[in-house]
Amino acid sequence: MRITVFGATGGIGREIVRQALDAGHHVTAVVRDSSRLPAQSEHHGGRLEVVTAARMDDPEALRPAVAGRDAVLSGLGPRSRAQVGIASSLTRAILRAMEAEGARRFLAVSAAPLGPVPEDETLALRLMTPIVSRVLRAHYDDLRVMEAAMRESGTDWTAVRPPRLVDTPLTGRYRTVLDGNPRGGAKIARADVAHAMLALAPDPATVRRAVGVAY
């Protein structure tokens with residue numbers, strides 16, 4: 001596939017780029033600072049294009065990066081409380097750029113608390129989820145705005161909703177639930193979220209759906 005990755009220097013974005021290149025895909029990584037993709041340029045075999053975008057919120061500036069792509073994957077999210085709000089604002093710009101270019105497939109990282117609690121959820125998660133949702137309320141509210149923009153767009157979107165993210169090695173073994181969350185799913189590695197997004201990209205069953213992903 002020809003894939004564009006936004007948030008390519010973040011924890012999930014870097015993994016999407018690495019795994020996509022390893023799988024033989026052609027990747028366009030959209031970044032603000034190209035120096036933050038150190039290892040990728042050494043083994044890409046001409047299949048990696050790095051696009052530096054000074055204005056990530058300008059749809060016109062993003063159009064060349066999404067034109068003609070089979071899928072656009074976003075790992076955008078705040079690195080600090082001060083950055084809360086970027087997921088929705090930058091995603092809106094990406095969606096407008098895609099609509100202008102006729103690009104269809106879009107996947108973005110959201111969060112498990114936006115999905116329904118499984119009826120048979122474990123007691124620990126029933127107690128913890130409301131607490132975490134209150135503590136990170138601004139972040140989750142921004143993701144709700146982001147998902148609303150995706151639903152209102154003309155793209156074939158998928159919202160990927162992981163629980164707590166950890167930095168552990170790729171396993172390729174995790175559970176997914178359409179429009180829900182896996183029971184007892186408390187965490188997942190960023191590498192496995194990236195793996196799931198690449199696996200979901202060509203799957204028509206996930207178009208215009210949310211997918212919960214967890215161990």
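Student: Which helix does Val132 lie in?
Tutor: Before anything else, this is a predicted model: local features need pLDDT of at least 70, side-chain atom pairs count only at pLDDT 80 or more, and totals for chains, interfaces and linings use all residues. Residues are numbered from 1 along each chain as its sequence is written, and side-chain values use heavy atoms, with hydrogens and water left out. Helices are DSSP runs of H or I with at least four residues, strands are DSSP runs of E with at least two, and both are numbered from the N terminus. Residues 123-135 make up one such helix, and Val132 sits in that one, α4.

Student: Is Val132 buried, exposed or partly exposed?
Tutor: Buried means under 20% relative accessible area, exposed means over 50%, and partly exposed is in between (1.4 Å probe, protein chains only). With a relative accessible area of 30%, Val132 counts as partly exposed.

Student: What area does the nonpolar surface patch with Val132 have?
Tutor: Patches take residues with over 30% relative accessible area and no salt bridge, joining like charges within 9 Å and nonpolar side chains (Val, Leu, Ile, Met, Phe, Trp, Tyr) within 5 Å. The areas come from the Shrake-Rupley method with a 1.4 Å probe, and for residues only the protein chains shown count as cover. Leu123, Leu127, Met128, Ile131, Val132, Val135 and Leu136 make this patch, with an area of about 610 Å².

Student: On to charges: how many salt bridges are there?
Tutor: The rule asks for a side-chain nitrogen of Lys or Arg within 4 Å of a carboxyl oxygen of Asp or Glu. Applied here, the count of salt bridges is 14.

Student: Which residue joins Glu15 and Arg18 in a network of salt bridges?
Tutor: Arg18 and Glu15 bridge each other with their closest N and O atoms 2.7 Å apart. Both belong to helix α1 (residues 11-22), 3 residues apart, which is about one turn. Arg18 is partly exposed at 29% relative accessibility, whereas Glu15 is buried at 18%. The network that links these two also takes in Asp22.

Student: How far apart are the closest N and O atoms of Asp141 and Arg137?
Tutor: An α-helix has 3.6 residues a turn, so residues three or four places apart point the same way. Asp141 and Arg137 are 4 residues apart in helix α5 (residues 137-152). Arg137 is exposed at 57%, while Asp141 is partly exposed at 33%. Their salt bridge has its closest N and O atoms at 3.7 Å.

Student: Which strand does Glu147 of α5 get tied to by its salt bridge with Arg161?
Tutor: The side chains of Arg161 and Glu147 meet at 2.7 Å, N to O. The two are 14 residues apart in sequence, so the pair ties helix α5 to strand β6.

Student: Are Arg161 and Glu147 buried or exposed?
Tutor: Glu147 has 4% relative accessibility, so it falls in the buried class. Arg161 comes out at 9%, so this residue too is buried.

Student: Which strands are at the edges of the open sheet?
Tutor: Two strands pair if DSSP finds at least two bridges between them. The sheet has 8 strands in the order β3-β2-β1-β4-β5-β6-β10-β8, with mixed pairing. Those that pair on one side only are β3 (48-52) and β8 (175-178).

Student: What angle does the direction of α6 make with that of β5?
Tutor: Axes are lines fitted to C-alpha atoms, for helices over the stretch in contact, and angles run from 0 to 180 degrees between N-to-C directions. With contact meaning heavy atoms within 4.5 Å, α6 touches β1 (2-6), β4, β5, β6 (156-161) and β10 (209-214). Helix α6 (residues 190-200) has 8 of its 11 residues buried. Against β5, its direction makes about 160°.

Student: Which residue in β10 is the bridge partner of Arg161?
Tutor: Strands β6 and β10 run parallel, joined by 4 bridges. β10 pairs with β8 as well, in the antiparallel sense over 4 bridges, where Thr176 stands opposite Val213. For Arg161, the partner in β10 is Gly212.

Student: What is phi of Arg208 near?
Tutor: Arg208 is in the loop between α6 and β10, partly exposed at 37%. Asp179, in the loop between β8 and β9 (187-189), has a positive phi near 55°. Arg208 is a residue other than glycine with a positive phi, near 60°.
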